[in-house]
Amino acid sequence: MTNSWTDIRNTDLVVIMGGNAAEAHPCGFKWVTEAKANRGAKLIVVDPRFTRSAAVADYYAPIRQGSDIAFLLGVIKYCIDNDKVQWDYVKAFTNAAYIVKDGFAYSDGLFTGYDAEKREYDRSTWDYEIGDDGYVLTDETLQNPRCVWNLLKEHIAQYTPEMVERICGTPKEKFLKVAEMISECSARDKTMTSMYALGWTQHSKGSQNIRSMAMLQLILGNIGVRGGGMNALRGHSNIQGLTDVGLMSNLIPGYLNIPTEREVDYATYISSRGFKPLRPNQMSYWQNYSKFFVSFQKAMWGSAATPENDFAYHYLPKLDLPAYDILRAFEMMDQGQMHGYFCQGFNPLLSFPDRGKITRSLAKLKYLVVIDPLETETSRFWENHGTFNDVDSASIQTEVYQLPSTCFAEDEGALVNSGRWLQWHWAAQNPPGEAKHDTWVMAQLFNRLKKLYQEEGGKFAEPILNLHWPYADPEDPKPDEIARELNGYTVTELRDPNDPTKVLVEAGKQVSGFGVLRDDGSTACGCWIYSGCFTEAGNMMARRDNADPDATGAYSNWTFSWPANRRILYNRASADLDGKAWDPSRKLIEWNGEKWEGYDVPDIAVTAKPREVGPFIMNPEGQSRLFTRGMMRDGPFPAHYEPFESPVVNVVAPAIRGNPVARVFESDRETFGDADEFPYAATSYRLTEHFHYWTKHVWVNAVLQPEFFVEISEELAAEKGIDKGGWCRVWNKRGSVHAKAVVTKRIQPLVCDGKPVHIVGIPLHWGFTGAAKNGMGPNSLTPFVGDANIETPEFKAFLVNIERSDGPASA
Amino acid sequence: MNMEISRRNFLKGAGAGVAATTIGAFGFGEAEAAFVEGLRAYKLAGTTETRNTCPYCSVACGVIIYSKGDITQGTAKAVHLEGDVDHPTNRGTLCPKGAALLDFIKSETRLTKPKVRRAGSDKFEEISWTQALDEIARHMKDDRDANFIERNMDGVPVNRWTSTGFLAASATTNETAFLTYKVVRSAGIVAFDNQARV
Amino acid sequence: MTINVNPPVAADTQQQMGPQDYIRRSASTVPEPARKLEAVAKLIDVSKCIGCKACQSACLEWNDLREEVGVNVGVYDNPHDLTPNTLTLMRFTEWVNDENGNLEWLIRKDGCMHCSDPGCLKACPAPGAIVQYSNGVVDFVKENCIGCGYCVQGCPFNIPRISKVDNRAYKCTLCSDRIAVGQGPACAKACPTKAIVFGTKEEMKAHAANRIEDLKSRGFANAGLYDPPGVGGTHVMYVLHHADKPTIYAGLPDNPRISPVVEAWKGVTKYAGLALMGVAAAAGVVHMAISGRNRVTVEDDDEARRLTAQAPGAQPLDPDKEPMA
């Protein structure tokens, strides 16, 4: 989230699209109901289903899953056509005026540079014209046909209301009503917030779904302001933290990157991360990259990371591929290239697409280690549960270890919420039986591995032998010790660069923030964006002052918000060119003639003059991007692509299946189905009574929603002879599931390009362990393909067939 | 406004002063008998209250866990859980999952002992922690030594261990996450991921 | 500020409400209470409800009740009805508004309405099995319950349920144990959107007025408060977007009243038939021991009618004129 849950109280319009906040985040959705009740805010829900969010919406519009980009580009077009643009904001804070290189173009669904063989673009033309002074050429009048604004207008021209209806199935008048309500938020004193989640990410063009809305929000001037923003409603309680701390194949904590093998040494690696400003005076904050990177290396390898060995640069693995994401990992397993796998609090058998492939792949492992507080289907993937897990145990050679870990009630530490708040919690009870903390388990594994390398030697043992392990009890590191590493500390004393006789910070002190970090080895910091969370003043994440002066929703003394305890990102954009709030009633920070001050920690150097330094300090432009240059694999502007399995052909680019640069493994291609065989548009989702695959272990939640079902319209039920509460079978090339049928008016057939489209909704909470009834789920059916940029599986749009049936054999 | 009513008058309950005020608002007099006929005894009497965070979604609601026993003696057990009224986001409220967290903590399918399933077997068997960890470390070392890629074909050091993967959790703490990061990365594992996408 | 320990929280656990606050007690008389508690109410704003069932969950947890894991029968309502363990239940209705053709998903939290004039209490023949406090809470005292099921018959909202396990009647207590220590009901505390709020009845009516104004501004011309006069008003009230049509909300009665049969028969138990009913109740215990649950039957009703007809001065009584002592 750019903003926070409590900030939603400040909004005038909530758009829930690509998510279902009332259902999935009820206590966060509270702030929607507060905004409605207290300031007359309106709520729009755009979704294939009439959801629990829709139940309390002021306006609901249906949409076919996987067509959001067409809808959103249609709204952008509406706003531009009707002059509903926050012009001062667009001109000053976006790259609308930037001139784009000659050669960049879009036609027939493709941008310049497509290589069909590699399913990849040559992105060299997707960039700005650079002037002799090294800065981007601009046309502040927006007259140049090659400026971003005019290219954008040209790009979206085809997304008329009629076209939106053809693609999305949203009746034109409903689309226009939504567009009109949204467009009103271009006024300076009106803001809109976007609340989205997996409904946008889980598509083969998920990243571009989100970009489309981000662009709309920029055009309306809604980024950086109270009650505005792009608010990704993260799923799990600390998935924000796990991502921040970089537990992904290509990340280093704080959104730094694992090197690729093209970056043969540290000098090469850091040379491509200069982040020279593209416009005069801009902060381009990533220019500090080396400080964060070296401090990270010092936190990892302590005294073994020296200037002489490039701060242990070669201790890091180097990637030969963009990422070893989960889909690739299971593909490798299936190909016999992966032999061991750890699942720490994770249940891939049910969570990943194409369960048949997941089962097959796990069975090829030599060893599988599951660390979890609960039984998981994954840890029992080898066990036969009849129709719910039909495997031959004897033929599966995988050795499986199931290690009991603690749950939240038994451990201490910080979780990061969707609004980037690091909140500390304490243990309330002792672990049951022999369950152990995850930190203990990891320490035990590490110490054993290290001992084996000490005793036996082996391949490249240095990074293991030299891992910095400064814990009082090396067998059981404590949360506060690790939190201190994340915050960062001085390794040696820090002297004033302007006066080397002056000591600024003693050695061995917690740093006060990332501004102190250096790239000479004098500081260590596990995750630079967390710096400030555990300073010499103590554990800032444990602060519990819930005062909120003037009811802005900031709660600045409640726990700690990264970065630098900032509650709203890009908050300098809440003020106009001269630093005065666009809307005085929504003041956040303002320029007082000398510095920035207000309710939040300014997201800019406090003395940076308003007309000189742009608000988007992480970008070398200092401004936000309507055109993203070559930063995304599938285009600098979003374009409509159908899901890989779609009930209709792509109206704007009939020759293209799916996202043209999404990665498809050869063995999966044959499992894709077509609409003639599988005519129904399926989507998967969560229900409010359950959380993922955990709460089926919880008696009360099993009572509230006991049994697997699918949802279909009354029309489809009648066509197929399926009874309300009766059994049906849903299948495609990848699998087949039996489910109870919920026949409902909340799902209506859509008409797309003149053709009726029926939707089959498949919630995902059931398995073969726990208190709820045994059941199957959507991931027996979902396709093994992900987003072109980050490989999020396309769980939200695929094809199935459906028929009336008897129940599963061993139900 | 509605929320404020509930907070101010009824839900605070965090200190004797506040509670007494509330009771006064209802017209209750001074404290009377501790046991009251016809009423269920107030079940949180004598419990320890611990602030925690709901482990489910990213709203991260504040919760208070009520427990009996002494955690320093290994005897603490949760007996009830409610929303934390002081928490700015949820203000004491909880969703149907958060409100039933006690049943998560006490789930019959909580794991309490390490187990191993041997190749080809159709059942789990108990194993000691020491034995399990020793065996896993041996698996890791053998696989790493057999498959570690020190240099690519151009002779560039790449130090990749691609044949073992690690899926990190999504509800563990930052502290678990960073310790996990250190262990996994120092070993050279690249197939490293979390639950951000699924 | 450094906080590195779990901050302590003190809980006030002294219950400060009790029999001294009874204003009614089934099949018995109570003395005029020395004090009058301020009337309380739970307000359920259906227009803010997202049907998340947090109320159901919190109710089960607070009251240490658990329910059987059921099945899906094609709807979201689970369990499928109120039970001795499920004291509150979300009922979902898909309703198409004739005026604009829009689908509305009406979700109503069902449970005891805590009537000011409680039909259950009036129907109850077991002394002290149902009580009413001066703040309006109507509570079942299970130690005194004989499981006859008359309360089910007496309730205009079809709320009480008789347990097959212990043959006693159960319904929402309004969390009387929490109210007695100054806390609101568990459901109201949990409710994420504050569709359920709790306070003094006056405050709740004022809050409802605000909500109704907001709903009217959003085009719900018939938004209104459900506080039905036929039962003397209730201490659980609804804000409805279509207050002109309560029945569309899963059969919420348009104009609930205590059955005249119960009203009449109530008079019998109190003034004429008390001794007789005492005998019947004793017989009922024996009967239960043999055959389990004992419910009101057509025969019981007929018997009540007969008794009523025979009783001296047997006219339906105005409940407002009932003596307190």
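Two residues are in contact if their C-beta atoms, placed from the backbone, lie within 7 Å. That cut-off underlies the packing described for one helix of this predicted model.

## A helix and what it packs against

The helix is α14 of chain A, residues 326–334. Of its 9 residues, 8 are buried, so the helix is largely enclosed by the rest of the structure. A residue counts as buried if 20 or more other C-beta atoms lie within 10 Å of its own. In α14(A) the residues that pass are A:I326, A:L327, A:R328, A:A329, A:F330, A:E331, A:M333 and A:D334.

What do the buried residues of α14(A) pack against? One partner is α16 (355–362) of chain A, and the others are β8 and β9 of chain B. The surroundings of this helix therefore include elements of chain A and of chain B. After α14(A) comes A:G336, which has a positive phi, near 80 degrees.

## A sheet built from two chains

Strands β8(B) and β9(B) also belong to an open sheet of 7 strands. The strand order is β5(B)-β4(B)-β14(A)-β13(A)-β12(A)-β8(B)-β9(B), and the pairing is mixed. At the edges are β5 (125–126) and β9 (192–193) of chain B, each of which pairs on one side only.

Two of the pairings can be followed in detail. Within chain A, β12 (residues 340–344) and β13 (residues 367–372) are parallel and share 5 bridges. In this pair A:G340 stands opposite A:Y367 of β13(A). Between the chains, β14 (residues 399–404) of chain A runs antiparallel to β4 (residues 115–117) of chain B, with 3 bridges. There A:V400 stands opposite B:R117 of β4(B).

## One residue of chain B

B:S163 is found in the loop between β7 (157–160) and β8 (164–167) of chain B. Is B:S163 buried or exposed? It counts as buried because it has 22 C-beta neighbours inside 10 Å. Leaving aside residues up to four places away in sequence, B:S163 touches A:Q337, A:M338, A:H339 and A:G340 in chain A, and B:D143 and B:N147 in chain B. A:G340 is also the residue that stands opposite A:Y367. As for distance within the chain, the C-alpha atoms of B:S163 and B:T48 are 47 Å apart, and 115 residues separate the two along the sequence.

## The sides of chain A that touch other chains

The contact between chains A and B takes 142 residues from chain A and 106 residues from chain B. Helix α17 (residues 438–456) supplies the largest share of the side of chain A that touches chain B, 10 residues.

Chain A also meets chain C, where 42 residues of chain A are in contact with 38 residues of chain C. On the chain A side, the elements that give two or more residues are α2 (26–39), α3 (52–55), β22 (538–539), α21 (699–704) and β29 (735–744). Among these, α2(A) gives the most, with 6 residues.

The table sorts the residues on these two sides of chain A by class.

| Side of chain A | Nonpolar | Polar | Charged |
|---|---|---|---|
| Touching chain B | 75 residues | 46 residues | 21 residues |
| Touching chain C | 23 residues | 7 residues | 12 residues |

## The chains and their domains

Chain A is assigned domain 1 (5–232), domain 2 (243–313 + 473–537) and domain 3 (666–804). The centres of domain 2 and domain 3 of chain A, taken over C-alpha atoms, are 46 Å apart.

Chain B has 198 residues, of which 61% count as buried. It contains 5 helices and 9 strands, and its domain assignment lists domain 1 (1–32), domain 2 (38–109), domain 3 (111–145) and domain 4 (148–198). Between the centres of domain 2 and domain 3 of chain B, again over C-alpha atoms, there are 34 Å. Among contacts in chain B between residues at least 6 apart in sequence, 35% join residues at least 24 apart.

For chain C, the corresponding share of contacts is 67%. Chain C has 325 residues, 54% of them buried, with 9 helices and 11 strands.

## Confidence in chain B

The average pLDDT of chain B is 85, and 82% of its residues score at least 70. Over residues 1–34 of chain B, pLDDT stays under 50. Where pLDDT is low, the predicted coordinates should not be read in detail. For residues 1–34 of chain B the model nevertheless has 75 contacts beyond four places in sequence.

Technical notes
Residues numbered from 1 in each chain as written. Chains lettered and ligands numbered in written order. Predicted model: local features only at pLDDT ≥ 70, side-chain atom pairs only at ≥ 80, totals over all residues. Domains from an automatic or database assignment. Helix = DSSP H or I, 4+ residues; strand = E, 2+ residues; numbered from the N terminus. Nonpolar A, V, L, I, M, F, W, Y, C, P; charged D, E, K, R; others polar. Buried ≥ 20, exposed ≤ 12 C-beta atoms within 10 Å, placed from the backbone. Pairing = 2+ DSSP bridges. pLDDT = per-residue confidence, 0-100.
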